[in-house]
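This report walks through a protein chain, from its domains to single residues. Please look at the sequence and structure first.

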Amino acid sequence: MNPNTHLDATHDLALCSWVASANDGATDFPIQNLPYARARRAGTDEPWRIMVAIGDQALDLAAAVLAAEHTDAQTAALAPLVQGDLNAFMTRGPADWQLVRESLSRALTMGSPAERALAPCLIAQSALEFALPCTIGDYTDFYTGIHHATTVGKLFRPDNPLLPNYQWVPIGYHGRASSIGVSGQTVRRPMGQTKAPDSDSPQFGPCKRLDFELELGLVIGTGNALGERIDMAQAEAALFGMVLLNDWSARDVQAWEYQPLGPFLSKNFATTISPWIVTMAALAPFRLPFTRPAGDPQPLPYLDSAANRAAGAIDVQLSVWIETAQMSASKASAVRLSSSNFSEAAYWTATQLVAHHTAGGCNLQAGDLLGTGTLSGPAPDQAGSLLELSMGGKTPITLPNGEQRTFLADGDGVILKGRCSAVGAVALGFGECRGTVLPALAG
Ligand code: CA
């Protein structure tokens, strides 16, 4: 039984925590979630530690392990977490992930005898600063959002929006791991080469069409040896969890550079992810069947399985918000620009991305990150980028305070959110993924 899709006592609707803020119904972090981050008290030089979110608190696992008794199996599974090494924990595989999830769930449940020992190991999340949750050795960005691919394809190639390989191949490109940052970061507007349609030659200067992309990121838990594959039957167990992901994009740079090998400097200057990795186990109650529109080709056998058809999709409600410098100065709340759903937006599932990535023998490793691609819904107001929302920069969006945007301005904060709900399950979320645009460097 795979814990990624199997429901157990840790998902129980009736489960409440002795951490009161975990039970309020609105939190992203009820006891059924239990996501992992790497954090420390803000403003200190304490070592980064692995923490688990519970309500508005975070459980410091290094402190928690010292405070309580454990079996030998628990001690072995927890050892890499005590050392602050999430990659080493992920490498240990689904049996250990599940053992720790069950242990944390029991220890944090209302009435647990562990409360007295663990209560001092809680830190308010508002008092933390975050690092990337794990070492990300490699980053690949897919392009599974078919509505995004069609709309953007129309803007770049009006007569040929969706290329014929799209319905057969999970399209992707190799991204840049070194420039991935964690929520809260600032992102400097990139310089780049652009060419206006009416100009004979390109120029070099600050990007004028800076954009976000609303994506999810899949975190690989257990990889594969070079030359081997992770097939559809094995792919579920290779996935550890998911984060929100903003693939910052310089559209003017992209339009000039992308042919024939795809995006390069238009994407490699920054990617922001949310700090908490929501585990696949926590997402089990939100699985949906994977279906294809009538008339579309079915996946080739190496991208198909009964389990994927039955429960390959995941219901994650996504939204993107903007908070401009003017809004921040006047203490106005962030404004939602659009919302969509992973299960409606994506043409391929998480397991199909893993199976495809490794089909030629490419080795994935613990901590590798696979972006889903921009997850735009079918309606125009469900678009996951400004490129789509402003129809290629032709139609400005007017914000409630009167400001207008076609693309991002300096000082704009972009916030991604994700939340899952289903009948018979406690709703949970991903926290937020926030980044703020800095002006380009002068000269
Ligand atoms: Ca992307």
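## Terms and basis

Buried means under 20% relative accessible area, exposed means over 50%, and partly exposed lies in between (1.4 Å probe, protein chains only). This is a predicted model: local features need pLDDT of at least 70, side-chain atom pairs count only at pLDDT 80 or more, and totals for chains, interfaces and linings use all residues. Residues are numbered from 1 along each chain as its sequence is written, and side-chain values use heavy atoms, with hydrogens and water left out.

## Two domains

The domain assignment splits the protein chain into domain 1 (9–131) and domain 2 (139–438). Such bounds come from an automatic or database domain assignment. The contact takes 30 residues from domain 1 and 28 from domain 2. Contact here means heavy atoms within 4.5 Å. The C-alpha centres of domain 1 and domain 2 are 28 Å apart.

About 2200 Å² is buried between domain 1 and domain 2, and carbon and sulfur atoms give 68% of that area. Buried area is the accessible area (1.4 Å probe) that two parts lose on being put together, summed over both.

## Polar links and the domain 1 side

One salt bridge is counted between domain 1 and domain 2. The term means a side-chain nitrogen of Lys or Arg within 4 Å of a carboxyl oxygen of Asp or Glu. Arg 419 and Asp 28 form a salt bridge through their side chains, at 2.7 Å from N to O. Ten residue pairs are in polar contact across the interface of domain 1 and domain 2, both residues at pLDDT 80 or more. A polar contact is a pair of N or O atoms within 3.5 Å; within protein, one must be able to donate a hydrogen and the other to accept it, and residues adjacent in sequence count only if both atoms are side-chain atoms.

On the side of domain 1 that touches domain 2, the elements giving two or more residues are β1 (36–41), β2 (49–54), α3 (86–91), α4 (94–108) and β5 (128–131). Helices (H or I, at least four residues) and strands (E, at least two) are DSSP runs, numbered from the N terminus. The largest share of that side, five residues, comes from α3.

## Two buried strand residues

Leu 218 lies in strand β13 (residues 214–220). Its relative accessibility is 0%, so Leu 218 counts as buried. Beyond four places in sequence, Leu 218 touches residues including Leu 239, Met 242, Ala 350 and Leu 370. Pro 206 is twelve residues from Leu 218 in sequence, yet 31 Å away in space, C-alpha to C-alpha.

Phe 240 sits in strand β14 (residues 239–246). At 2% relative accessibility, Phe 240 is buried. Its C-alpha is 7.8 Å from that of Leu 218, though the two are 22 residues apart along the chain. Contacts of Phe 240 beyond four places in sequence include Tyr 36, Phe 89, Met 90 and Trp 97.

## Salt bridges

The salt-bridge count comes to 17. Glu 46 pairs with Arg 49 in a salt bridge, closest N and O atoms 3.3 Å apart. Glu 46 is partly exposed at 23%, whereas Arg 49 is buried at 13%.

Glu 236 and Arg 287 form a salt bridge at 2.5 Å between the closest N and O atoms. Glu 236 is in helix α7 (residues 232–238) and Arg 287 in strand β18 (residues 287–288), so the pair ties together parts 51 residues apart in sequence.

Arg 405 and Asp 412 meet in a salt bridge at 2.8 Å, N to O. Asp 412 is buried, with 0% relative accessibility. Shared partners join Asp 211, Glu 213, Asp 247, Arg 251 and Lys 267 into one salt-bridge network.
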